[in-house]
Amino acid sequence: MSNTTFDEIGRALRGHQRFAILGHVRPDGDALGSQLALALSLQQLGKDVRVWNEDGMLEKYSFLPRAELLTKPPSAAEDVDVAIALDTAIQNRLGNTLAAVRSAKIWINIDHHRSNPCYGDLVIVDSTAPATGEIIFNLIKSQGLPLDHDIAENLYAAISTDTGSFQYPKTSARTFDTAAELVRVGSLDVGQISQQLYENYPRRRLELLRELLRTTRFDFGERTASFSLTLKTAANLHVLPEDNEGLIDHLRAIRGVIVAVFFEELADGKVRVSMRSKDEAVDVCAICQKFGGGGHTLAAGARVRGSLADVEKKVLEQIREALKHRS
Ligand code: 5GP
Ligand code: MN
């Protein structure tokens with residue numbers, strides 16, 4: 001699966017000067033925290049580091065230490081020696097950051113998505129890791145790279161968010177060991193970080209949830225729950241794309257529900273499909289791959305061309321098939 005050692009990556013990091021650290025479109029806490037953490041560590045080695053994401057820094061993660069380092073990419077390409085893609089299952093999910101790093105001599109790909117095809121020159125894809133942040137921590141530790149408070153807080157936020165606050169099944173003893181070391185090394189205030197992450201939502205997010213709940217439907221003996229968001233509702237509520245991160249968990253949390261789905265109408269004629277499973281036998285990554293997407297066995301997504309109603313129908317049909325094979 002992964003074909004590069006931490007030592008090889010460590011040599012590439014120490015042996016070059018100019019880096020661009022990239023993450024996926026619609027970034028989450030794992031992408032942003034991992035990007036900032038690695039960037040800060042490399043900066044302390046005296047490296048010249050750009051940190052780019054198609055969407056730039058999100059309002060909700062702007063409390064992360066040194067969040068201002070993370071920006072949208074420039075429109076003209078810049079000369080860098082090494083481009084590093086973090087938490088990005090396929091290269092085109094780097095969005096418009098790709099064009100800004102055309103000159104990169106080496107591509108490093110560090111990720112934990114099972115569907116990652118291992119693009120790039122130096123690759124670590126560890127699908128047993130619950131977060132890319134955990135892999136970055138292991139890289140930093142194994143290579144003796146700088147690790148201070150700011151780096152620790154970014155990594156803690158990455159791991160906390162991608163494990164659903166240390167709840168999802170890939171959360172392991174190693175994950176808790178990592179978190180404990182981050183708390184110790186960075187003297188982190190866990191309560192305060194958690195409050196920033198989970199108790200600091202804008203009111204409009206709750207209003208969005210109310211509208212989504214109105215659209216909720218149950219299928220296949222209530223083993224599937226889904227809700228959907230139209231462009232019109234999103235505009236009426238003035239919601240940002242980042243506001244819906246995590247709302248799908250309300251569906252997954254229902255007893256008896258195995259698959260939860262969130263359908264979001266996008267402006268480009270596609271529908272963003274976000275899927276969760278509570279049973280390894282129902283592989284939502286495989287379902288999403290049928291629609292050109294990917295992700296993890298229990299959490300995956302895709303962008304599917306078509307109207308909301310069409311995409312809902314097609315996706316629910318595939319879920320019905322997957323549930324059939326389970327029983
Ligand atoms: P979410 O539902 O939170 O947007 O994404 C769940 C997981 O699936 C994430 O790990 C994300 O990277 C992956 N994912 C979401 N959308 C897509 C997509 O359109 N393509 C691919 N390849 N992966 C996706
Ligand atoms: Mn991740």
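In this predicted model, helices α4 and α6 are oblique to each other, because their axes meet at an angle of about 55°. Helix α4 covers residues 149–162 and helix α6 covers residues 190–198, and the two axes lie 11 Å apart. The crossing of α4 past α6 is right-handed. On the α4 side, the contact is built from E153, Y156, A157, S160 and T161, while α6 brings in V190, I193, L197 and Y198. Sorted by class, the residues of this contact come out as 6 nonpolar, 2 polar and 1 charged.

Helix α4 also packs against helix α2, which spans residues 29–44. Here the axes come within 8 Å and cross at roughly 160°. An angle over 145° counts as roughly antiparallel, so that is the label for α2 and α4. This time the crossing is left-handed. Helix α2 contributes G29, D30, G33, S34, L36, A37, L40, S41 and Q44 to the contact, and these meet D150, I151, N154, L155, A158, T161 and D162 of α4. The class count for the contact of α2 with α4 is 6 nonpolar, 7 polar and 3 charged. T161 is worth a second look: this residue of α4 turns up in the contact with α6 and again in the contact with α2.

Next comes the sheet that α2 lies across. Six strands make up an open sheet, in the order β3-β2-β1-β4-β5-β6, and their pairing is parallel. The edge places belong to β3 (70–71) and β6 (122–125); each has a single partner strand, so one side of each has no neighbour in the sheet. As a reminder, strands of a sheet pair through backbone hydrogen bonds, either parallel or antiparallel. At the β6 edge, 4 bridges join β6 to strand β5 (residues 106–111), and the two run parallel. One pair to look for there is D111, which stands opposite V125 in β6. Helix α2 lies across β1, β2 (48–52), β3 and β4 (82–86), and runs at about 170° to β1.

Strand β1 (residues 18–23) is home to A20. Is A20 buried or exposed? Its relative accessibility is 0%, so A20 counts as buried. Setting aside neighbours within four places in sequence, A20 touches R50, W52, V80, V82, A83, I84 and V101. A20 and A85 are 65 residues apart along the chain, yet their C-alpha atoms are separated by 8.5 Å.

Helix α3 (residues 132–142) lies across β4, β5 and β6, running at about 120° to β5. How many of the residues of α3 are buried? The count is 9 of the 11, so α3 is largely enclosed by the rest of the structure. The buried residues are T132, G133, E134, I135, I136, F137, N138, L139 and I140. Just after α3 comes G144, with a positive phi near 60°.

Helix α3 has a helix partner too, namely α1 (residues 6–14). Their axes are 10 Å apart and the packing angle is about 75°, which makes α1 roughly perpendicular to α3. In this contact F6, I9 and L13 of α1 meet I135, N138, L139 and S142 of α3. The contact has 5 nonpolar and 2 polar residues, and no charged ones. Among the α3 residues that meet α1, I135, N138 and L139 are also on the list of buried residues.

Further along the chain, strand β9 (residues 259–265) has 6 of its 7 residues buried, so this strand is largely enclosed by the rest of the structure. Which way do the strands paired with β9 run, parallel or antiparallel? Strand β8 (residues 224–229) runs parallel to β9, and 6 bridges join the two. Within that pairing, F227 stands opposite F262 in β9. Strand β10 (residues 270–277), in contrast, runs antiparallel to β9 and is joined to it by 7 bridges. The bridge partner of A260 in β10 is R276. Strands β9 and β10 form a hairpin with 4 residues between the strands, and in this hairpin G269 takes a positive phi near 80°.

Terms used: Residues numbered from 1 in each chain as written. Chains lettered and ligands numbered in written order. Predicted model: local features only at pLDDT ≥ 70, side-chain atom pairs only at ≥ 80, totals over all residues. Heavy atoms only, no water. Axes fitted to C-alpha atoms, helices over the stretch in contact; angles between N-to-C directions. Parallel < 35°, antiparallel > 145°, perpendicular 65-115°, else oblique. Left-handed = near helix turned anticlockwise from the far one by under 90°. Contact = heavy atoms within 4.5 Å. Nonpolar A, V, L, I, M, F, W, Y, C, P; charged D, E, K, R; others polar. Buried < 20%, exposed > 50% of the residue type's maximum accessible area, 1.4 Å probe, protein only. Pairing = 2+ DSSP bridges.
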